[in-house]
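These are my notebook entries on the spaces inside a protein model and on its surface. I record here what I looked up, entry by entry.

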Amino acid sequence: NSPLQPTAEHPIRLYSADFDQNGKIDPILSHYALNEEGEKQEVTLHTRDILAKQLVGIKRRFPNYQAFADAPFEHILVEKEQEQATVFTVETLQSAVLYKTDNGFALKPLPQAAQVAPIYGSLTEDLDNDGFMDILLVGNHYTGETIHGQHDASNGILLKGNAKQKLTPISTAQSGLQLTKDQRSLAKIWVGNQAMILATANDGKTQLLKASNEIGRASCRERV
């Protein structure tokens, strides 16, 4: 759930180097966007003003916004600067699960219902005691930059597993989950003889979840 949709052919790149020789690393992010001809070209993610806070020479190189907007990426970060940089590449932003196979591992994207926000906490348990592993997920991201805003579409999601490694999303109405806000982690704990799930949020309340044998009948109570 992001305006950035990288692929193997059109990835997100992070160019990292001390470009202005001030002793500090300058991270420059790029992605691909459509130009006036309808073709995808590499562009900087950040605006001229934001880049100029890191690289003061940007304003000298591009004295106005139009000059910056018209410049191809190789003029903003010239060949010499690209060569000195350590480059990190992102080809997908999908959340996925890694399965062990006879030939190694297989990476499978999670269902679309689990792609609505970044995932920060996960717990793999057989929550309904049917012999197959289920996955509980929490996330959201409230501290993003202004240009993208916060990612806050997740209430937490329960994925029911089966014998064919298929994960089926359980609706919020069925699961009873209300793990909103800036969720960060999940952990299984014991309260006496009762197994509970602890969910913590950034600048938010901690919650305890109790799952019944029938999946989708989770109840929760809050603790300070």
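Which element gives the most to the lining of the second largest pocket? I looked this up first and found that S3 does, with four residues. I note at the outset that the model I am reading is a predicted one.

Entry on the second largest pocket. I recorded a volume of about 340 Å³ for this pocket. Its lining is made up of 18 residues. Those that lie nearest the centre are Gln41, Val43, Ala69, Asp70 and Ala71. I then turned to the elements behind the lining: strand S3 (40-44), helix H3 (65-70) and helix H4 (73-76) each supply at least two residues. By class, I noted nine nonpolar, five polar and four charged residues in this lining.

Entry on the largest pocket. I next looked up the largest pocket, which holds about 690 Å³ of space. I found 25 residues along its lining, and the closest to the centre are Ser2, Leu4, Leu93, Pro118 and His151. How many residues of this lining are charged? I noted one charged residue, beside 12 nonpolar and 12 polar ones.

Entry on the cavities. I consulted the search of the whole structure, which finds three cavities of 30 Å³ or more. I followed up the second largest cavity, whose volume is about 50 Å³. Which residues line it? I listed Ala113, Ala114, Val116, Ala117, Pro118, Ile119, Leu137, Val138, Gly139, Ser154 and Ile157. Strand S8 (residues 134-139) gives the most to this lining, with three residues. Sorted by class, the lining of the second largest cavity has nine nonpolar and two polar residues, and no charged ones. I also marked Pro118 as a residue to remember: it is listed in the lining of this cavity, and it is among the residues closest to the centre of the largest pocket.

Entry on the surface. I then left the interior spaces and looked up a nonpolar patch on the surface. Leu98, Phe105 and Leu107 form this patch, and together they have about 370 Å² of accessible area. I traced Leu98 to strand S5 (residues 96-101). Is Leu98 buried or exposed? I entered Leu98 as exposed, because its relative accessibility is 52% and the cut-off for that class is over 50%.

Methods:
Residues are numbered from 1 along each chain as its sequence is written. This is a predicted model: local features need pLDDT of at least 70, side-chain atom pairs count only at pLDDT 80 or more; totals for chains, interfaces and linings use all residues. Side-chain values use heavy atoms; hydrogens and water are left out. On a 1 Å grid over the protein atoms alone, a cavity is a set of points where a 1.4 Å probe fits but cannot get out, and a pocket is an open set with protein on both sides within 12 Å along at least five of seven lines; lining residues have an atom within 4 Å of a point. Grid points are joined across faces, edges and corners, and a volume is the space filled by probe spheres set on the points. Ala, Val, Leu, Ile, Met, Phe, Trp, Tyr, Cys and Pro count as nonpolar, Asp, Glu, Lys and Arg as charged, and the others, Gly among them, as polar. Patches are made of residues with over 30% relative accessible area and no salt bridge: like charges are joined within 9 Å, nonpolar side chains (Val, Leu, Ile, Met, Phe, Trp, Tyr) within 5 Å. Accessible areas come from the Shrake-Rupley method with a 1.4 Å probe; for residues, only the protein chains shown count as cover. A salt bridge is a side-chain nitrogen of Lys or Arg within 4 Å of a carboxyl oxygen of Asp or Glu. Buried means under 20% relative accessible area, exposed over 50%, partly exposed in between (1.4 Å probe, protein chains only).
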